[in-house]
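Reader: I've got the sequence and the structure open on my screen. Could you walk me through chain B?

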Amino acid sequence: MTPRHMPIEAAQSLRYMTLLNTSRSLVGLTPKPEDCKDIARMIMELAVYEKMPDQVKISHKELERDGFGPNPFYQCLVAEVPEDHKSKDGHTKVGYALFFYTYSTWKGRTVYMEDLYVMPEYRGKGIGKALMATVAKVAKEQHCVRLQFSVLDWNKPSLDFYLAKGAEDLTAKEGWHFLRFHGIALDNLALEAP
Amino acid sequence: MANFILRKAEPKDVSDILRLIKELAKFEEMEDQVILTEKDLLEDGFGDHPFYHCIVAEVPKQHQSVDGHVIIGFAMYYFTYDPWIGKLLYLEDFYVMKEFRGFGIGSEILKKLSQTAVRTRCSSMHFIVAEWNKPSIEFYKRRGASDLSLEEGWRLFKIDKQNLLKMTNEE
């Protein structure tokens, strides 16, 4: 089974199932807002790994509101294992990739992969690789020419994972830095109107 | 001379937008990397599913540039998503022609963008700047921007089409 073409207009969450004891994979389109509770759980797990859990301000409610509807702000792939392979604390949704479409004034349509995460007890089984390959597949179907994402400079396991797949570090190569206007800085800027 | 308006870009503006994109790319020393065409900009910005939004700065005809242009600045942005804080406004390109700088046009564009961000419930406005681009970095820092690459260690990565295709075939 191959993923059906996912129209951009439809707000869908794609569920990706990996059978652990074979390399066969099943993909289905199952838009379920209740997946958001598991996605929120894993977002927090990833934030803890990135040493910034206090920066997580949204819950499954915002994820539901913003990911399902006529104008989704993100797309999400979820890796699910069968019930008999569930995690120590009883979860079957064990990984996710959250991404959205962006635009390069030089090259056109691009995909930005915001989060890629697999629970520690499910690593080393090709799930992360499969999630990313599916993001690449979706990108290809939507005629995107590039996949971008960011990694923390101390995160050696992730850096190695991506470099092995042909990723290039644009911060090192071309000197790009991420900047932001956040919270009060953003409000102040908006208030500067004459 | 400070007479200008800011407005939403329209389909008829794509030719000017592409011209300004190339000017900015030239400034960033990467002009040959622009492969986008007017047709792409039209389809991608003004079709059923816009991939970007654009504001343009326009001066009256009597103040046109030396080579006869009235569209003299632009900002291209889109909405992204942070799983920790929700909606964000991402500023992709932001440029004012050299001869029109110093009149507050850039500041006004940035202000308008931040108003859009606040109005659309975005908690933050993100963008990238090349580390050698000191004038731009100072412009943003003066206005309260923080450098996440320096403060938190984020590095930007890309995987190009060739390697993307390789990944999809390997599955």
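Author: Sure, here are a few questions and answers on chain B, and keep in mind that this is a predicted model.

Reader: How many helices and strands does chain B have, and in what order do they run?

Author: By count, chain B has 6 helices and 7 strands. Start at the N terminus and you meet a strand, then two helices. Written out in full, the order is β-α-α-β-β-β-α-β-α-β-α-β-α.

Reader: What radius of gyration does chain B have, and does it agree or disagree with a compact globule?

Author: Chain B has 171 residues, and a compact globule with that many would come out near 16 Å. The C-alpha atoms fill a box of roughly 60 × 35 × 30 Å along the principal axes. The radius of gyration agrees with the globule value, at 17 Å.

Reader: Which strands are the edge strands of the open sheet?

Author: The sheet has 7 strands with mixed pairing, in the order S1(B)-S2(B)-S3(B)-S4(B)-S5(B)-S8(A)-S6(B). An edge strand pairs on one side only. That makes the edges strand S1 (5-8) and strand S6 (146-147) of chain B.

Reader: Which residue of chain B does A:Arg180 stand opposite?

Author: Look at strand S8 of chain A, residues 176-182. S8(A) and S6(B) pair in the antiparallel sense over 2 bridges. In S6(B), the residue opposite A:Arg180 is B:Ser146.

Reader: What share of the residues in chain B is buried?

Author: Buried here means under 20% relative accessible area. Chain B still exposes about 8100 Å², with carbon and sulfur atoms supplying 50% of it. Of the 171 residues, the buried share is 55%.

How values were computed. Residues are numbered from 1 along each chain as its sequence is written. Chains are lettered from A and ligands numbered from 1 in the order in which they are written. This is a predicted model: local features need pLDDT of at least 70, side-chain atom pairs count only at pLDDT 80 or more; totals for chains, interfaces and linings use all residues. Side-chain values use heavy atoms; hydrogens and water are left out. Helices (H or I, at least four residues) and strands (E, at least two) are DSSP runs, numbered from the N terminus. The radius of gyration is taken over C-alpha atoms; the globule rule is 2.2 Å times the number of residues to the power 0.38. Buried means under 20% relative accessible area, exposed over 50%, partly exposed in between (1.4 Å probe, protein chains only). Accessible areas come from the Shrake-Rupley method with a 1.4 Å probe; for residues, only the protein chains shown count as cover. Two strands pair if DSSP finds at least two bridges between them.
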